[in-house]
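Me: Mind going through the charged pairs and the strands in this one with me? Short reasoning is fine, as long as each reply lands on an answer.

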Amino acid sequence: MSNFIEKTVLGIQSTFQDMFESDEIANKKGLMQSLDPRVRLLSIMLLIVIANLGNSLYYMEVMLVYSLILAVLSKIPMKSYIARISAVSIVFTGIVLIPSLFNVVRPGKPLIYITGSLYITRGGTLSALIFIMRSFISLSFIYILTLSTKWIEILKALRYFKLPKVFSATLDISLRYITLFLDVASNMFLARKSRNVGKSKGKSERKFVASSMGNLLIRSEHLSSEVYSAMISRGYKGEYKTISNFKFDIFDVVWILFNISFFTATFLVKGGKLWI
């Protein structure tokens with residue numbers, strides 16, 4: 001059970017480390033970081049839509065190279081980027097797509113025979129590959145956005161695009177208090193670990209975990225009422241303001257014109273829809 005406490009503390013510390021690294025990446029002078037957050041958010045949403053329009057392997061390859069180049073120019077750590085995106089898009093999506101490879105689910109020309117009547121089809125393999133690439137590309141764009149943009153800027157951009165203020169405020173406060181309660185939970189587990197001598201019994205450790213969960217729940221309820229009272233006393237009327245201001249400049253115009261030109265040229269190559 002002591003391993004459980006150590007793993008929990010290490011897991012919380014790993015989460016904090018990821019948060020700090022995300023802030024450091026967002027402060028770098030990369031391509032995406034140089035754009036106005038509104039342009040960044042809208043660009044990523046449109047890129048995801050454009051990527052999912054395609055049903056051709058060649059088109060997916062173009063979008064895959066585009067996403068990799070965008071990650072490099074945005075100074076995203078490539079090792080963790082490839083590992084995390086691949087784990088979801090290739091491993092998890094690939095497992096779901098395994099049945100679609102076989103002729104019993106998707107009839108077609110045989111590619112690899114498993115038995116005399118069971119084989120992997122060419123069509124099923126191609127469809128699964130395109131689906132995995134589409135998943136990888138979409139997740140890549142989301143990953144690039146979240147690492148190159150601070151959470152507060154994303155929420156402010158969402159409010160600019162008329163996301164309900166209550167919704168964005170809830171997301172913002174939730175993130176802040178998830179961080180706070182992770183710190184509280186980490187301290188509780190560290191305190192338990194420091195008082196623990198010898199091997200603990202499973203029953204007592206389960207009691208500790210249950211009491212910790214209850215303690216955090218009571219604290220969160222008490223703190224939420226205090227925070228809301230503090231916000232009301234400072235004049236909160238359903239809208240909160242931030243000190244950061246957006247600035248749309250010539251670099252954003254260049255980025256927009258480049259993408260319009262690039263995708264227009266891409267769609268026109270080999271007859272547009274057939275190519276896609």
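**Charged pairs and a hairpin**

Reply: Sure, and keep in mind that the model is predicted. A starting point: Arg38 and Asp36 are both buried. Their side chains meet in a salt bridge, with N to O at 2.8 Å.

Me: How many salt bridges does the structure hold?

Reply: Side chains of opposite charge can pair when their charged atoms come close. The cut-off here is a Lys or Arg side-chain nitrogen within 4 Å of a carboxyl oxygen of Asp or Glu. With that, the structure's count of salt bridges is three.

Me: Is Arg40 buried or exposed?

Reply: Arg40 has a salt bridge to Glu153, 3.9 Å from N to O. That pair links helix 2, which holds Arg40, with helix 6, which holds Glu153, 113 residues apart. Buried means under 20% relative accessible area, and Arg40 has 3%, so Arg40 is buried.

Me: Which residue forms a salt bridge with Arg84?

Reply: Arg84 sits in helix 4 and its partner in helix 1, so the pair ties together parts 66 residues apart in sequence. Arg84 is partly exposed at 42% relative accessibility, and the partner is partly exposed too, at 28%. The closest N and O atoms are 3.3 Å apart, and the partner is Asp18.

Me: What is the bridge partner of Pro110 in strand 2?

Reply: Strand 1 (residues 110-113) pairs with strand 2 (residues 119-121) in the antiparallel sense, over three bridges. A hairpin of five residues joins the two strands. Across in strand 2, Pro110 is partnered by Thr121.

Terms used. Residues numbered from 1 in each chain as written. Predicted model: local features only at pLDDT ≥ 70, side-chain atom pairs only at ≥ 80, totals over all residues. Heavy atoms only, no water. Pairing = 2+ DSSP bridges. Helix = DSSP H or I, 4+ residues; strand = E, 2+ residues; numbered from the N terminus. Buried < 20%, exposed > 50% of the residue type's maximum accessible area, 1.4 Å probe, protein only.
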